[in-house]
Structure formats: structure tokens, C-alpha cells
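The following exercises are to be worked through with the sequence and the structure at hand. Each task is followed by a solution in steps.

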Amino acid sequence: MANSTNKSVIMIGSGGHASVLLDILLKQKVDVIAVSSNEEVIERTIFKGIKHIKGNEGVLAYSSNDVLLVNGVGAMPGSDIRRKIHKNFTEQGYQFLTVIADDAYVSEYATLAQGVQVLSMAVIQAGATVGEASIINTKASVDHDCQLGFNNHIAPGATLSGQVVTGENVHIGTGANVIQCLEIGSNSVIGAGATLTKNLGHNQIVYPARNFICSRQ
């Protein structure tokens with residue numbers, strides 16, 4: 001599913017998440033004119049040949065009427081950087097491109113808000129809604145009628161069964177599972193590999209069973 005835009009794009013960030021997004025955009029022939037980063041980007045081969053601009057000031061040199069932004073900063077529990085980037089630039093009139101990998105499946109009856117990112121082999125089924133700035137990461141699955149809030153991260157391989165409702169800034173870790181019809185409060189975290197079977201309040205963490213490693217006799 002190609003990303004449709006007639007505007008040029010600026011990538012914010014130059015780390016691993018940004019490189020995955022850039023790979024998607026370049027394959028879709030999107031015109032990425034610059035990468036904004038306070039760090040050197042030349043170390044990653046994929047950024048070579050793309051103009052490097054510094055921080056917010058570099059982005060603000062371009063009119064919000066002429067460019068779209070892509071938030072290439074990854075989402076980790078406890079980090080507020082990604083959310084602040086989205087809020088800062090939208091409040092100044094910029095818009096974020098919704099990025100969908102060609103091999104992702106997004107139902108035509110699903111709704112994606114501004115700046116949502118759907119990565120390779122992810123699935124979003126009919127009736128689902130995904131809030132602004134959210135990431136549906138590699139091979140993650142969001143089933144029918146889920147309602148995801150602002151700035152959620154559904155990490156690689158995580159599965160949400162139907163009619164799950166989440167608040168803002170929710171992180172569902174790699175390989176985690178959420179059964180149907182549950183509610184997850186804002187700023188909550190479901191750890192990698194955990195299975196959620198009951199509602200979760202705001203600002204809570206679900207830990208999976210711990211692995212114990214010992215030497216073989």
C-alpha cells in the first residue's frame with residue numbers, strides 16, 4: 001500500500017527506526033529531501049546522499065506548506081521524545097505523513113490518524129482506529145474494532161484481539177498478547193511476551209513470567 005503525497009518529506013531522526021521508515025519511503029519513490037538529526041547520519045548507508053540538517057531549526061527553515069514530516073524517533077517505555085516531537089511540530093502547523101509498508105495489510109474499513117506508521121507484515125483489521133503518532137511495528141496485529149489512542153507503540157509481533165481499547169502513550173511490548181474486549185489505560189506498559197487477560201488501569205506495568213538461566217550439569 002503506497003503512501004500518497006505530492007509533497008517532499010523530511011525525516012526526523014537517524015537511528016534504527018528512522019532507517020526502517022526511510023527504506024519504506026525510498027522503495028515507494030517518496031521524495032525525502034532531508035534528514036534532521038543532531039547526530040551524524042553518514043554511518044548508516046541508507047542515509048547517504050540525503051541532505052543532513054540539524055535539529056528543529058533545520059526543519060523550521062522549510063515551510064509547513066511545502067513539506068510533510070516523518071517522525072523517525074523510536075518509541076520506548078518511559079521516553080517522551082517521540083510524543084514531544086509530534087506535539088511541537090503539529091502545534092506549529094506541520095503535518096506528519098502516515099507511512100504504510102507495501103507488505104502491510106490495512107483494511108479499507110480501518111481508520112489511521114495523522115502520522116501513524118505501519119511496518120512490514122503488520123495487520124490492521126476492519127473497524128480498527130489507530131491514533132496519531134502511533135507505531136504498528138513489524139508483524140504486529142491489530143484486530144477488528146480495536147481503538148488505539150495517541151502515541152501508542154505496538155511492538156514487533158504483538159497481537160491485539162478484537163475490540164481492545166487503549167489510552168494515550170501505551171506500549172505493548174514485543175510478542176505480547178492482549179485478549180479481546182479489554183481496556184488499557186494511558187501511559188501503561190505490557191512487557192515483552194506478556195499476556196493480558198484483564199483490564200489495565202493508567203500508569204501500570206504488566207511483567208511477563210521471568211526466565212531463569214542456569215548452567216547445565
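**Exercise 1.** Determine how many bridges join strand S1 to S4 and in which direction, parallel or antiparallel, the two strands run.

*Solution.* Step 1: In this predicted model, S1 comprises residues 8-12 and is joined to S4 by five bridges. Step 2: The two strands run parallel. Step 3: Within this pairing, valine 9 of the one strand is found opposite leucine 68 of S4. Step 4: S1 is also joined to S2, in this case by four bridges, and this pair too runs parallel. Step 5: Valine 9 has valine 32 as its bridge partner in S2.

**Exercise 2.** Establish the order of the four strands in the open sheet that contains S1, and state which strands stand at the edges.

*Solution.* Step 1: The order is S3-S2-S1-S4, and the pairing is parallel. Step 2: S3 (51-53) and S4 each have a single partner strand, so each has one side without a neighbour in the sheet. Step 3: On average, neighbouring strands here are turned by 30 degrees against each other, direction ignored. Step 4: Helix H1 packs on this sheet and touches S1, S2 and S4, its direction making about 160 degrees with that of S1. Step 5: Helix H3 (residues 81-91) also packs on the sheet; H3 touches S1 and S4, and its direction makes about 165 degrees with that of S4.

**Exercise 3.** Decide whether the residues of S4 are buried or exposed, and describe which way they point.

*Solution.* Step 1: A residue counts as buried when its relative accessible area is under 20%. Step 2: Five of the five residues of S4 (residues 67-71) are buried, and the strand is therefore largely enclosed by the rest of the structure. Step 3: In a regular strand, side chains alternate between the two faces of the sheet. Step 4: In S4, Val67, Leu69 and Asn71 point one way, while Leu68 and Val70 point the other way.

**Exercise 4.** Identify the residues with the most contacts inside the largest nonpolar core, and explain where this core lies with respect to the two domains.

*Solution.* Step 1: The largest nonpolar core has 48 residues, and Ile136, Ile172 and Ile190 have the most contacts inside it. Step 2: S1, H1 (16-27), S2 (32-36), S4 and S5 (99-100) each supply at least two residues of this core. Step 3: H1 gives the most, namely five residues. Step 4: Residues come from both domain 1 (8-97) and domain 2 (98-207), so the core lies between them. Step 5: Leaving aside residues up to four places away in sequence, isoleucine 136 touches several residues, including Val118, Leu119, Ile124 and Ile154. Step 6: A second, separate core has 12 residues, among them Ile12, Tyr62, Leu69 and Tyr94.

**Exercise 5.** Give the order of the six strands in the other open sheet and name the strands at its edges.

*Solution.* Step 1: The order is S6-S9-S12-S15-S18-S21, with parallel pairing. Step 2: S6 (105-106) and S21 (195-196) are at the edges; each has a single partner strand, so one side of each is left without a neighbour in the sheet. Step 3: Within this sheet, two bridges join S15 (residues 159-160) to S18 (residues 177-178). Step 4: Leucine 160 has valine 178 as its bridge partner in S18.

**Exercise 6.** State how many helices and strands the protein chain has, and assess its compactness from its radius of gyration.

*Solution.* Step 1: The protein chain has three helices and 22 strands. Step 2: Its radius of gyration is 18 Å, close to the 17 Å that the globule rule gives for 217 residues, so the chain is as compact as a globular protein of that length.

Note on methods. Residues numbered from 1 in each chain as written. Predicted model: local features only at pLDDT ≥ 70, side-chain atom pairs only at ≥ 80, totals over all residues. Heavy atoms only, no water. Buried < 20%, exposed > 50% of the residue type's maximum accessible area, 1.4 Å probe, protein only. Pairing = 2+ DSSP bridges. Core = buried A, V, L, I, M, F, W, Y, C linked by side-chain atoms within 4.5 Å. Domains from an automatic or database assignment. Contact = heavy atoms within 4.5 Å. Axes fitted to C-alpha atoms, helices over the stretch in contact; angles between N-to-C directions. Rg over C-alpha atoms; globule rule 2.2 N^0.38 Å.
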